[in-house]
Amino acid sequence: MSVFDVLKERNFIQQMTHEDEIKELLEKEKVTFYIGFDPTADSLHVGHFLQLMVMAHMQRAGHRPIVLIGGGTAMVGDPTGKTDMRKMLTKEEISHNAEAFKKQMSRFIDFSDGKAILANNADWLLNLNYVEFLRDIGVHFSVNKMLTAECFKTRLERGLSFLEFNYMLMQAYDFLMLNKKYGCVLEMGGDDQWSNILAGVDLVRRKEGKQAYGMTFTLLTTSEGKKMGKTEKGAVWLDAEKTPPYDFYQYWRNVDDSDVEKCLSLLTFLPMDEVRRLGSLKDKEINEAKKVLAYEVTKLVHGEDEARKAQKAAEALFEGSGDLSNVPTSTITSSMLGSNLLDVLVKTGIIPSKSEGRRLITQGGLYVNDENVKDINAVVTEDMFKQGYMLVRKGKKSYNKIVIQ
């Protein structure tokens, strides 16, 4: 089975240019392709993880990925999917974030012996002569056509800066440069990048007289169409410091039943026969599929050892087996005894704010040592640590331990 068929069977592919040509190309040749990542944070998140899985499937089939770090485009900010303009980052922040991306990506992409290329568009974007760029590249873009692109249409009512309006030209120029430098013929990206990808395909054809191709894949959304990867603490990150492996495991363990098969297909390398079998389980049995999903995804992102620890911690809490040593643990000093419980939970990062804590208590969703907390003015007492720790539960599944130093 070719990688084209693999991506199609696993439901990655959304749109593409020249379908028959791309299929033949991927079956008969070794293709150099690229996906861009703007380093707007110091860690990749689960939305990026889907893109890394696409690259991994492609590389396993013998094709050469280019990971393009957007050191230049991050200076502008992609307006796609945003209702407001991005925060402007400094060059130092972008450089720091780019280094963090490189480290995380090496878990999924093999950069040894030229099997993959790591490029940074800052190398050609930051020193451009603007007038020359407009004469050479801008002349090929129709403003009327650009304004019909979905990435711009959604922003016109709220206001689109000229800074962001340049983004499509810059991304198209990236494809042109990668085509010239590395023979890159295929740009891939999330389906929200379709307009930008088409612009790049067209620019390569106009400037080089060569055929180039574009393909988009599904965004990581729930069955209701909402973006996955958000929790009450914010984004689900691939950095263990930002989202601990146990929390990462629990996120996938708790996905809706209707999303299990999709996540197994997109985010693991399990054979599709097994994916379909697990996805067909019903009622209580679907929990077994969720355990497989959580373990497999955590293993890919954090390694087998951390996946096992997270699995054991979950079993200890929910099935009464194993120990609690791998449950996320926070430390407080004895001086905090007598403090307001919500203050302690905010200080340890277990809840993001006191208002969130009050909401949890009001809705009956906060527990200490499996006892429901009903008083928003509850205080932390020594009796809460009889087992050597205080066990905090939010909702049905999210556990944390607090110990006294």
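Lys-207 is partly exposed, at 28% relative accessibility. The structure it belongs to is a predicted model, and this report looks at salt bridges and then at strand pairing.

**Salt bridges**

Side chains of opposite charge can pair when their charged atoms come close. The structure holds 20 salt bridges. One of them joins the side chains of Asp-136 and Lys-207, with a distance of 2.4 Å from N to O. This pair links distant parts of the chain, since Asp-136 belongs to helix α6 (residues 130-136) and Lys-207 to helix α11 (residues 194-208), 71 residues apart. Asp-136 counts as partly exposed because its relative accessible area is 35%.

Another salt bridge brings together the side chains of Lys-290 and Asp-257, at 2.7 Å from N to O. Lys-290 is found in helix α15 (residues 286-302), while Asp-257 sits in the loop between α12 (245-253) and α13 (260-267), so this contact ties together parts that are 33 residues apart in sequence. Is Lys-290 buried or exposed? Lys-290 is buried, because its relative accessible area of 8% is under the 20% limit. Its partner Asp-257 is partly exposed, with a relative accessible area of 44%.

Lys-23 and Glu-27 form a salt bridge too, and their closest N and O atoms are 2.6 Å apart. Here the two residues lie in one helix, α2 (residues 19-28); they are four residues apart, so about one helical turn separates them. Lys-23 is partly exposed, at 28% relative accessibility, and Glu-27 is also partly exposed, at 39%.

The table lists the N to O distances of these pairs.

| Salt bridge | N to O distance |
|---|---|
| Asp-136 and Lys-207 | 2.4 Å |
| Lys-23 and Glu-27 | 2.6 Å |
| Lys-290 and Asp-257 | 2.7 Å |

Salt bridges can also join into a network, as they do for Glu-9, Asp-273 and Arg-276.

**Strand pairing**

Which strands pair with β13? Strand β13 (residues 398-404) pairs with strand β9 (residues 329-332) in the parallel sense, over four bridges. Within this pairing, Thr-329 stands opposite Lys-401 of β13. Strand β12 (residues 390-394) also pairs with β13, but in the antiparallel sense and over five bridges. There, Lys-394 has Ser-398 in β13 as its bridge partner. Strand β13 therefore takes part in a parallel pairing with β9 and an antiparallel pairing with β12. In a regular strand the side chains alternate between the two faces of the sheet.

Conventions. Residues are numbered from 1 along each chain as its sequence is written. This is a predicted model: local features need pLDDT of at least 70, side-chain atom pairs count only at pLDDT 80 or more; totals for chains, interfaces and linings use all residues. Side-chain values use heavy atoms; hydrogens and water are left out. Two strands pair if DSSP finds at least two bridges between them. A salt bridge is a side-chain nitrogen of Lys or Arg within 4 Å of a carboxyl oxygen of Asp or Glu. Buried means under 20% relative accessible area, exposed over 50%, partly exposed in between (1.4 Å probe, protein chains only).
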